[in-house]
There are 2 protein chains.
Amino acid sequence: MNSLTEENYLKALFNIASEAGEVNVNELSKRLGIKMPTVTSMMKKLAEKKLVQYESYKPLRLTEKGKKEAGLIIRKHRLTEMFLAEKMNFGWEDVHDVAEQIEHIQSPAFFDKMDELLGYPKIDPHGSPIPDKNGKVTWKEYNKLSDCKMGETVKLAAVINTSSDFLKYLNSRELRLGLKIKIKSIEAFDKSMIVAYGKHAAEVLSNIVCERLMVEKA
Amino acid sequence: MNSLTEENYLKALFNIASEAGEVNVNELSKRLGIKMPTVTSMMKKLAEKKLVQYESYKPLRLTEKGKKEAGLIIRKHRLTEMFLAEKMNFGWEDVHDVAEQIEHIQSPAFFDKMDELLGYPKIDPHGSPIPDKNGKVTWKEYNKLSDCKMGETVKLAAVINTSSDFLKYLNSRELRLGLKIKIKSIEAFDKSMIVAYGKHAAEVLSNIVCERLMVEKA
DNA sequence: ATATAAAGTTAGAATAATCTAACAAATATT
DNA sequence: AATATTTGTTAGATTATTCTAACTTTATAT
């Protein structure tokens, strides 16, 4: 059994790896808000437990065992987010902090019930995939809205940045997952887009925003 | 903010006090499965924080502040139990262990949602009162079934021992809260009762069981 | 290619929560 | 009342997680 602290390191390792590929001590340190020497010693500990492959001055890597355990924590996190959003009327901008705590609950039955009540969802409220019971994640191939061309119509499938502020911004524009979005024009200068969706006939989205919206062909 | 460990001490202090009146170090030590010296030092720490009144060799007492904080933890515990039972299809014999973990979640919104979805319940699945938002508990005046007389008809209002085994025993006899129970006879020798309820015309309940069933006038 | 900066490690200390061993006080028993 | 038992405390050690300060290695930039 891993401690809550160890679980947080595993999860961060997993998340950074899936965003950035490589994980180094410095990144992990910043992400967790924990000083580098502490991270180093925890890496040695996790290496002892065969969860991390650790060699001095080399990038950090989760072992298969480490990936599985991290995946299972993320499964609990995302199932919880979905449960909060779908069954407890939380907004997608409010689910993260609670899920961050509930992901550490030790009770397979609890998460199995969630899963069942939700009808075995494949994604969380932000469109991120929920790992399966073996901790395996399968990412769908999405494109950034910012990479799409004028005239295309796409479906909003996921959001990348899940900060509360970004999600509140999306709320204010009534942008939510599943929406069909038509790209009306793209400003050459700053790559901002004018798009149409739902009741919005011409909404301007900055490139910063478009880079964080993942879409699939409609 | 109190640590998870401190919360467990507070809760145990509160629970023992409401069962046994006085709390001594030895009792608390046994309840928590923590050695006496550790308990002593934690009591000094909680006294520093004005949560416990502590004097060497004297019985332990929660301060008003301590009672309130303990009550709020128990509120979260019991709300959770109710939520698990009512909204997630857990049996009353399975809710305790999960609630024991979720009671430490820091998120007023989370418990407010539970409360709301449950329609502001006053009791948990075992009939124990849910403390209010100030941590205050109000116990209803119940009687033990074992103190009732032959011929009386009473309503099962709460169960005292919430061990999984006891609750499974009650399940096997289809005994649940709210049930009207008629006392058909009492065996003078061992004080066992023959009772009728629901589809059960003549069920024998030992005194051990009857002492753990709290009832009110039907 | 050398100097500077950034990243990583080692060593040693701090805090929270726990323990055991030994001692002290309160309570119970003869 | 004297003794034995139970309960409670003190002192000191242990483990997990964190820190700072000092040093080393690797990467970057002249």
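Select Thr153(A) to begin, and look across to the neighbouring strand, where Lys182(A) in E5(A) stands opposite Thr153(A). Keep in mind from this stop onward that the model is predicted. Widen the selection to strand E4 of chain A, residues 153-159, together with strand E5 of chain A, residues 180-186, and you will have two strands that pair in the antiparallel sense over three bridges.

Now add strand E8 of chain A, residues 213-217, to the view, since E4(A) pairs with E8(A) as well, in the antiparallel sense and over five bridges. A useful pair to label here is Val159(A) and Leu213(A), the latter in E8(A), which stand opposite one another. With E4(A) still selected, is the strand largely enclosed by the rest of the structure or not, and why? E4(A) is largely enclosed, because five of its seven residues are buried; a residue counts as buried if 20 or more other C-beta atoms lie within 10 Å of its own.

Zoom out next to the whole of chain A, in which eight helices and eight strands can be traced. The C-alpha trace of this chain spans about 55 × 40 × 25 Å along its principal axes, and of its 218 residues 34% count as buried. If you draw the contacts of chain A with a separation of 6 or more, residues 24 or more positions apart account for 58% of them.

For a single example, select Leu118(A), whose place is in helix H6 of chain A, residues 108-118. Showing the neighbours of Leu118(A), and leaving aside residues up to four places away in sequence, you will find that Leu118(A) touches Met82(A), Phe83(A) and Glu86(A). Of these, Glu86(A) is 32 residues from Leu118(A) in sequence, while their C-alpha atoms are 7.6 Å apart in space. Leu118(A) is itself partly exposed, with 15 other C-beta atoms within 10 Å.

Bring chain B into view and superpose the two copies: a turn of 180° with a shift of 0.0 Å along the axis lays chain B on chain A with an RMSD of 0.0 Å. That is the relation of a two-fold axis. Which residue of chain B should be selected to find the rotation axis? Ile102(B) comes closest to the axis among the residues of chain B, with its C-alpha at 3.7 Å.

Stay with the two chains and select their contact, which takes 14 residues from chain B and 14 residues from chain A. On the side of chain B that touches chain A, helix H5 (95-102) and helix H6 (108-117) of chain B each supply at least two residues. Coloured by class, the residues of that side divide into seven nonpolar, four polar and three charged. The copies meet through the same surface, because 100% of the interface residues of chain B are also interface residues in chain A.

The last stop is DNA strand C. Of the 18 residues around this strand, those that come nearest are Asn24(A), Asn26(A), Pro37(A), Ser3(B) and Pro37(B). Select by element next, taking helix H2 (25-32) and helix H3 (36-48) of chain A, then helix H1 (4-20) and helix H3 (36-48) of chain B, each of which supplies at least two residues of the surface near the strand. H3(B) gives the most to this surface, with four residues. Colouring the surface near DNA strand C by class will show eight nonpolar, eight polar and two charged residues.

Terms used:
Residues numbered from 1 in each chain as written. Chains lettered and ligands numbered in written order. Predicted model: local features only at pLDDT ≥ 70, side-chain atom pairs only at ≥ 80, totals over all residues. Near = placed C-beta within 6 Å. Nonpolar A, V, L, I, M, F, W, Y, C, P; charged D, E, K, R; others polar. Buried ≥ 20, exposed ≤ 12 C-beta atoms within 10 Å, placed from the backbone. Pairing = 2+ DSSP bridges. Least-squares fit on C-alpha atoms with pLDDT ≥ 70 in both. Contact = placed C-beta atoms within 7 Å.
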